[in-house]
Amino acid sequence: MSDMGSHNFPSETPLPVSENEARGDPDRAALSKRSDGHKIGEIIQISGSSSKIVMDTAILTGLLNHPDTTVQMAGQVGSQVKIRVGQTWLLANIRTQKLDLGQTGLVVAEIDFLSEGDEEQLTGQIYNFRRGVTRYPTPTSAVYAVTTGDLKQVYASDGRANIEIGTVYPTTNIRSALYVDAMLGKHFALLGSTGTGKSTAAALILHKICDLAPAGHILMIDPHGEYSAAFKNNGKLFDVNNLNLPYWLMNFREHCEVFVQSKGDAKQLDCDILAKCLLAAKVKNQTSSGVTKLTVDSPVPYLLSDLTTILQNEMGRLDKATNSAPYQRLKSKIDEIKADPRYSFMFSGMLVGDTMAAFLAKILRLPSEGKPISIIDVSAMPSEITPTVVSVLSRLVFDYAIWARNEPQRPMLLVCEEAHRYIPNDDVAEESSVRDILSRIAKEGRKYGVSLGLITQRPSDLAEGVLSQCGTILSMRLNNDRDQAFVKAAMPEGARGFLDSIPALRNREVICCGEGVAMPIRVALDTLAEDLRPASEDPIFSDLWREHGGEDEIIQRVIKRWRAQGR
């Protein structure tokens with residue numbers, strides 16, 4: 001680069017603003033035939049999705065006082081620029097900046113192409129924006145600042161069902177839309193470090209979906225008991241006190257996770273014995289009489305007492321293939337669980353009746369009765385059985401969708417908070433039914449009308465490939481470098497430039513990319529009403545530690561709930 005003139009930039013000042021823009025009305029300016037706008041630089045390198053431009057710092061400085069707040073952001077990292085190619089305009093995002101050491105007053109920036117739109121000849125408006133680029137510009141093509149009017153066209157809804165969750169950065173009045181069908185049809189993930197507003201963002205999105213579809217069918221796994229407060233008016237709340245999950249809905253693998261405690265060769269022997277005795281117990285029940293192909297996986301009621309009796313009888317047989325130890329281990333574990341009040345929500349003697357239809361109806365919201373979401377609070381469940389409970393509930397959603405394929409379709413949304421607990425990566429994973437069923441839903445769910453929503457603060461701990469199955473990724477601030485790299489690998493190529501801003505996002509800001517948005521965007525989320533928020537607010541230590549009095553009564557009440565294992 002030899003001098004400023006070689007780039008055809010204006011020598012000092014930006015292009016003049018129109019009369020309407022000078023009055024602070026960029027929308028009215030957009031309605032009249034206009035020039036291309038404020039030229040801020042030109043392209044110097046093209047390389048697929050990522051290219052380089054050079055910008056004049058004098059022009060950028062002059063635009064800082066422009067009446068259009070979007071134009072004020074021109075040239076900054078995270079802002080957009082536009083480039084004309086024939087009658088088409090390309091929109092690009094600025095990823096990086098560095099000073100051009102060879103020439104004073106110039107800045108070199110890397111850009112990622114996002115989308116393209118057509119120019120309306122009479123008005124000069126850009127419309128019909130669509131993702132991707134069909135025709136690239138050439139070096140020396142002029143680069144222009146994007147206006148608020150341009151962004152309104154870019155983010156205008158295309159008529160598909162959508163929910164508005166916030167305001168597009170850097171504007172103050174352009175609403176961001178998530179296209180519900182595209183987002184749910186190919187799964188979505190909400191990511192963010194602790195304290196970034198992730199739970200409130202999840203509640204906001206689910207509230208908007210519930211408002212849009214009050215006859216929907218949503219099941220949410222809540223590991224901390226946060227969301228009951230948020231959905232008390234438009235959801236059904238279930239915990240250990242009213243879930244009443246029948247134990248016989250478990251498949252054989254889930255039975256083994258609960259009843260078989262041995263390891264190695266002994267585990268396989270115990271599983272074989274359990275399979276034989278479990279099938280015999282199911283055959284004894286009258287409900288199984290109409291089942292032509294009864295297996296150990298069939299969701300048929302049976303009595304735990306029948307199972308232990310059969311184990312006892314098999315243990316006493318002289319022709320058994322092994323000693324009595326495996327039978328005794330299984331019988332002792334079953335008796336222990338039957339007698340443990342912590343497991344009464346699942347293994348109570350009151351759950352023997354054939355209540356499968358009623359249970360599916362209430363959990364899957366069939367019909368929804370104006371409360372389309374079920375919140376399953378698993379926080380008070382024994383930790384050793386929680387993964388199995390999540391597995392049973394997730395599998396019921398998936399299996400119902402499979403066996404209802406010839407029926408009028410009722411798509412389901414399964415939302416899993418703290419997803420890294422249940423779908424861990426291979427480095428920390430043990431063999432588990434919940435990991436396998438959630439991974440299967442991620443890979444095959446959309447074929448059967450089951451959508452998966454994953455919420456996690458540690459995306460790098462998720463099983464490899466699961467995040468890449470999510471067509472829409474909503475990323476809040478991530479502080480961990482490993483998490484950032486993991487999300488970058490899962491993001492579409494054109495959106496990776498947005499990742500540089502993920503560590504710098506403020507609370508309640510999110511980067512949205514993928515199928516659920518027209519193009520990658522940064523969004524400042526709406527404020528959720530106090531009574532619609534989850535119970536996840538951070539304690540105010542400086543205030544709460546000034547309060548005192550009544551500690552004796554507090555301790556007594558806590559101990560009572562603690563001992564009763566209830567809330």
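Arginine 84 is partly exposed in this predicted model, with a relative accessibility of 25%. Its salt-bridge partner is glutamate 119, and the closest N and O atoms of the two residues are 3.0 Å apart. This pair ties together distant parts of the chain: arginine 84 sits in strand S3 (residues 80-85), glutamate 119 belongs to strand S5 (residues 106-119), and 35 residues separate the two. Glutamate 119 itself is buried, at a relative accessible area of 14%. The bridge thus joins a partly exposed arginine to a buried glutamate.

This pair is one of 23 salt bridges found in a search of the whole structure. Another is formed by glutamate 509 and arginine 506, where the closest N and O atoms come to 2.6 Å. Here the acidic residue is the buried one, since glutamate 509 has a relative accessible area of 2%, which is under the 20% cut-off for burial. Arginine 506, by contrast, is exposed, with a relative accessible area of 53%. Salt bridges also join up into a network, in which Glu164, Arg175 and Asp526 are linked.

Arginine 365 offers a good route into another part of the fold. Its salt bridge is with glutamate 369, with 3.9 Å between the closest N and O atoms, a value that lies within the 4 Å limit for such a pair. In this case the arginine is buried, at a relative accessible area of 3%, whereas glutamate 369 is exposed, at 65% relative accessibility. Arginine 365 also follows helix H13, and its phi is positive, near 55°.

Helix H13 itself spans residues 356-363, and its buried residues are Phe359, Leu360 and Ile363. Viewed down the helix axis, these buried residues fall within an arc of 95°, and so they line one face of H13. A simple point of helix geometry is helpful here: an α-helix has 3.6 residues a turn, so residues three or four places apart point the same way. Several elements pack against the buried residues of H13, namely strand S11 (218-222), strand S12 (235-238), strand S13 (373-377) and helix H14 (386-403).

Threonine 171 gives a view of a loop residue. Its position is in the loop between strand S8 (162-168) and strand S9 (175-179), yet threonine 171 is buried, with a relative accessible area of 8%. Polar atoms of its side chain have backbone partners: the backbone oxygen of valine 168 is 2.6 Å from one such atom, and the backbone nitrogen of isoleucine 174 lies 3.5 Å from a polar atom of the side chain. With neighbours within four places in sequence left aside, threonine 171 is in contact with Thr70 and Leu151.

The surface also holds a nonpolar patch. Ile540, Phe541, Leu544 and Trp545 together make this patch, which covers about 490 Å². Among these residues, leucine 544 is found in helix H18 (residues 541-544). Leucine 544 is partly exposed, at 42% relative accessibility, and this value meets the requirement of over 30% relative accessible area for patch residues.

Terms used: Residues numbered from 1 in each chain as written. Predicted model: local features only at pLDDT ≥ 70, side-chain atom pairs only at ≥ 80, totals over all residues. Heavy atoms only, no water. Salt bridge = Lys/Arg side-chain N within 4 Å of Asp/Glu carboxyl O. Helix = DSSP H or I, 4+ residues; strand = E, 2+ residues; numbered from the N terminus. Buried < 20%, exposed > 50% of the residue type's maximum accessible area, 1.4 Å probe, protein only. Patch = residues over 30% accessible without salt bridge, like charges linked within 9 Å, V, L, I, M, F, W, Y side chains within 5 Å. Areas by Shrake-Rupley, 256 points an atom, 1.4 Å probe, with all protein chains shown as cover. Polar contact = N/O pair within 3.5 Å; in protein donor to acceptor, adjacent residues only side chain to side chain. Contact = heavy atoms within 4.5 Å. Arc of directions from axis to C-beta.
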